[in-house]
Amino acid sequence: MAGLVLPLRPRPDRTLVYTPDEAASPLMTMEKILDSEMRPVPSNRPVPKQVFVNHYLVKWKGFSYLHCYWVPEHEFEKAYKSVNGLETMVNQFHSRMESLGNNAYDFVATPPEWATVDRILSCREEDGQRKYLVKFKGLSYDECYWESESDISTFQNEIRRFTDVNFGQRRGIYVDHERNHEGFKQITSLTPEFITGTLHPYHLEGLNFLRSAWSNRTHVVLDDEMGLGTTIQGIAFLASLFEENVAPFLVVAPLSTLRNWERGFATWAPHMNVVVYGGTSQARSVIRQHEFYLPRDHMNVVRGEIEQDRIKFDVILTSYEIIDVDTEVLKPIKWKCMIVDDGYRLKNENPKLFYSLKHYTYEHHVLLTGKPLQVVNSEQQAAQLSALGKRKRNRKQIVEKEAGPTDAEAARQGNKRTRGLYRTRAHRNREPRPLIEGQGKSLSVLGFRRGQRKTFLDTLMRYGIGRYDWKKFVHPLMWKTYDEINDYGIFFLKHIIKDTQDNNPPTFSDMVPKEGLTRDKVLTRITVMMLVEEKVKLIENHPTKAVFPDHVIGRFATLRKEENWTKEHDKLLLRAVSKHGFAKWIDIANDEEFGLEQVICKALQVPVENLIRTDPGQKDPQRRLSDYLRKRFEILEKAMSNECAENDYHFGGRSARPLQDIAIADIRTRVSAM
């Protein structure tokens, strides 16, 4: 933070403290405002007391999200005259926040991945300190920043990976192998050493098919039903060649599926250096400069003198559009294998893609498509491969139909239709849904499209899973039957309790995308809402009984006594959270059934009429209500967690387990019985 030396003072823990400077406002180098929050400031009073003032979270020009920090509002007010447009930026920020409405509490100013190192591109020495050029997750290559080694010291895996790629002996120069059918060996293990995961038998069949074609120097079409894993088979095939010191590879896919390929390589072949080549012209320039070739002064690593021998990457992932735009960049590279994930573009009679690829240099070519053979124009495929220089071979995978519902299941479904609790559809001889269908934004999991999966997760994070009856999910997912919701819910819960990988890959082991969910966060929310439901049940069955036993109340002073808020109000709040869901504080405050609005106003010593906004520029006064409820529920949440951990210890006869483990045990027991 060299440009902000005057106004910033480093603490021993390297966090930055704002110290105002009258001569020059650091806000002149502000890029944008990310968030605002009431935060404590030092007090000059004789009796120390925390004073809270509004702060803005600021991102600075030329610095990553690692270096954002909070600036008091009064420093902005002082700088309004000296910094052009600053007041406008503040007003625009408040307008954006107010436009969020109730969704403001789901707003995340800086997603954690923006401060998480994705790749390190380069390093240099500056003032006796090593600095790294860093690409962060969720951000493109044109948003890379130089970071000191101390600032990214927690990302040792990424630093080691950078060192291995740029300075280590990861591999020798790629060599040519004699490829003949006699030397071809079938892979028989579902867990071969060159991938990190377990293949299905049909994956292994496709892998051996591709390797046989490689040995025979035959370009092929891997023609597969949607959802059976052509991507996984393609990745396993390239990983098997890489194990034999064969590379580099080019994968061309629709833009919407590139992230699926990237996640696939991260899950199944994390040891390969995979670069996604795309984005703006500036981003692609950064990639070419730092990700394509080792510098010539690194000749101690590779012995070649030409660019082909200094290639740094193992796989380039790119889109059809980039093939057209940057042909002159990619064409000179001698590719060992090229995979084209053709997808829906097979419907085009003369795709421009194939005319562009015709001029590339490659030894082997694989065309992937998820369309059934009876839908795809086989003559067109043949013509396309012929244009690339070789004949074609097809392979279609067939999955046996699963058994239909048992008589008991049919009766259960019939009972639900009779009761009319859930919307159902009649399906005669309905085939089971494939696990995964489609790709990119059109990818569906057990028939749930991306928006429906998000709705399911949002509902779960709002209400938990209740009594595993999915009642809260029926209205948000009104276009799904009860059985469809139940099947997807059980599938989701099984994945959550099985996902124990420390490196948090972007997909589960079966390639189902996680789409940003965090396992511990989901399990914690499930547990909290489960505890809320238990307390509500206690309140309904024993209205006069205290919410918490005396020894738990004794640990939390605010549970014993708080002005104008009683234990009965805690009962109302728990019931309201059960009804409206987690963090829906404004809805809870406005619900006349519970009458909490007047109680909070009395506790805050604010007249109810002051909750009406009279000035468009005024901050939302109801936010004070929601902040009060949020803080009060945090106390109840801590008390419930404490009581739960204590009960778990006494009844289990062992040390107290984390809440996530308690949730996993409960889910495992319930799901196994469903």
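# Notebook: one predicted chain

I began at Pro248, which sits in the loop between helix H5 (230-243) and strand S10 (249-253). I looked at the peptide bond leading into Pro248. From Ala247 to Pro248 the bond is cis, with omega near 5°. I noted early that this is a predicted model.

**Entry: the whole chain**

I stepped back to the totals. I found 23 helices and 16 strands in the chain. The chain has 674 residues, and buried residues make up 47% of them. The exposed area comes to about 35600 Å². Carbon and sulfur atoms supply 50% of that area. I then asked about contacts between residues at least 6 apart in sequence. Of these, 66% join residues at least 24 apart.

**Entry: positive phi**

I looked up two residues with unusual-sign backbone angles to compare their settings.

Asp127 came up here. Its phi is positive, about 55°, although Asp127 is not a glycine. I placed Asp127 in the loop between strand S6 (117-126) and strand S7 (129-136). Is Asp127 buried or exposed? Asp127 counts as exposed, at 79% relative accessibility.

Ala583 was my other case. Phi of Ala583 is near 70°, again positive in a residue other than glycine. Ala583 lies in the loop between H19 and helix H20 (585-590). I checked its cover as well. Ala583 has a relative accessible area of 14%, so I wrote it down as buried. The cut-off for buried is under 20%.

**Entry: salt bridges**

I turned to charged pairs. Side chains of opposite charge can pair when their charged atoms come close. How many salt bridges did I find? The count comes to 24. I followed some of them by hand.

The pair Asp118 and Lys135 meets through its side chains in a salt bridge, at 3.0 Å from N to O. Asp118 is in strand S6 and Lys135 in strand S7, so the pair ties together parts that are 17 residues apart in sequence. These are the strands on either side of the Asp127 loop. I compared the cover of the two partners. Asp118 is partly exposed, with a relative accessible area of 25%. Lys135 is buried, at 9%.

Glu363 and Lys336 also meet in a salt bridge, 3.0 Å from N to O. I found Glu363 in strand S14 (residues 361-369) and Lys336 in strand S13 (residues 334-341). This pair links distant parts of the chain, 27 residues apart. Glu363 is partly exposed, with a relative accessible area of 34%. Lys336 counts as buried, at 10% relative accessibility.

I then took a pair within a helix. Lys454 forms a salt bridge with Asp458, and their closest N and O atoms are 2.8 Å apart. Why are Lys454 and Asp458 separated by about one helical turn? They are 4 residues apart in helix H13 (residues 450-463), and so about one turn separates them. Lys454 is exposed, with a relative accessible area of 53%. Asp458 is partly exposed, at 41%.

I also noted a network. Arg575, Lys579, Asp591 and Glu593 are joined into one by salt bridges that share partners.

**Entry: two lysines**

I closed with two lysines in helices.

I looked up Lys471 and found it in helix H14 (residues 471-474). Lys471 is exposed, with a relative accessible area of 54%. Which residues form a positive surface patch with Lys471? They are Arg467, Lys537 and Arg670.

I looked up Lys571 next. Lys571 is in helix H19 (residues 567-580). Its relative accessible area is 5%, so I marked Lys571 as buried. What does Lys571 touch, leaving aside residues up to four places away in sequence? I listed Ile539, Pro543, Thr544, Lys545 and Val547.

I put the two side by side. Lys471 is exposed, whereas Lys571 is buried.

How values were computed:
Residues are numbered from 1 along each chain as its sequence is written. This is a predicted model: local features need pLDDT of at least 70, side-chain atom pairs count only at pLDDT 80 or more; totals for chains, interfaces and linings use all residues. Side-chain values use heavy atoms; hydrogens and water are left out. Patches are made of residues with over 30% relative accessible area and no salt bridge: like charges are joined within 9 Å, nonpolar side chains (Val, Leu, Ile, Met, Phe, Trp, Tyr) within 5 Å. Accessible areas come from the Shrake-Rupley method with a 1.4 Å probe; for residues, only the protein chains shown count as cover. A salt bridge is a side-chain nitrogen of Lys or Arg within 4 Å of a carboxyl oxygen of Asp or Glu. Lys and Arg count as positive and Asp and Glu as negative; His and the chain ends are not counted. The place of a charge is taken as NZ of Lys, CZ of Arg, CG of Asp or CD of Glu. Helices (H or I, at least four residues) and strands (E, at least two) are DSSP runs, numbered from the N terminus. Buried means under 20% relative accessible area, exposed over 50%, partly exposed in between (1.4 Å probe, protein chains only). Contact means heavy atoms within 4.5 Å.
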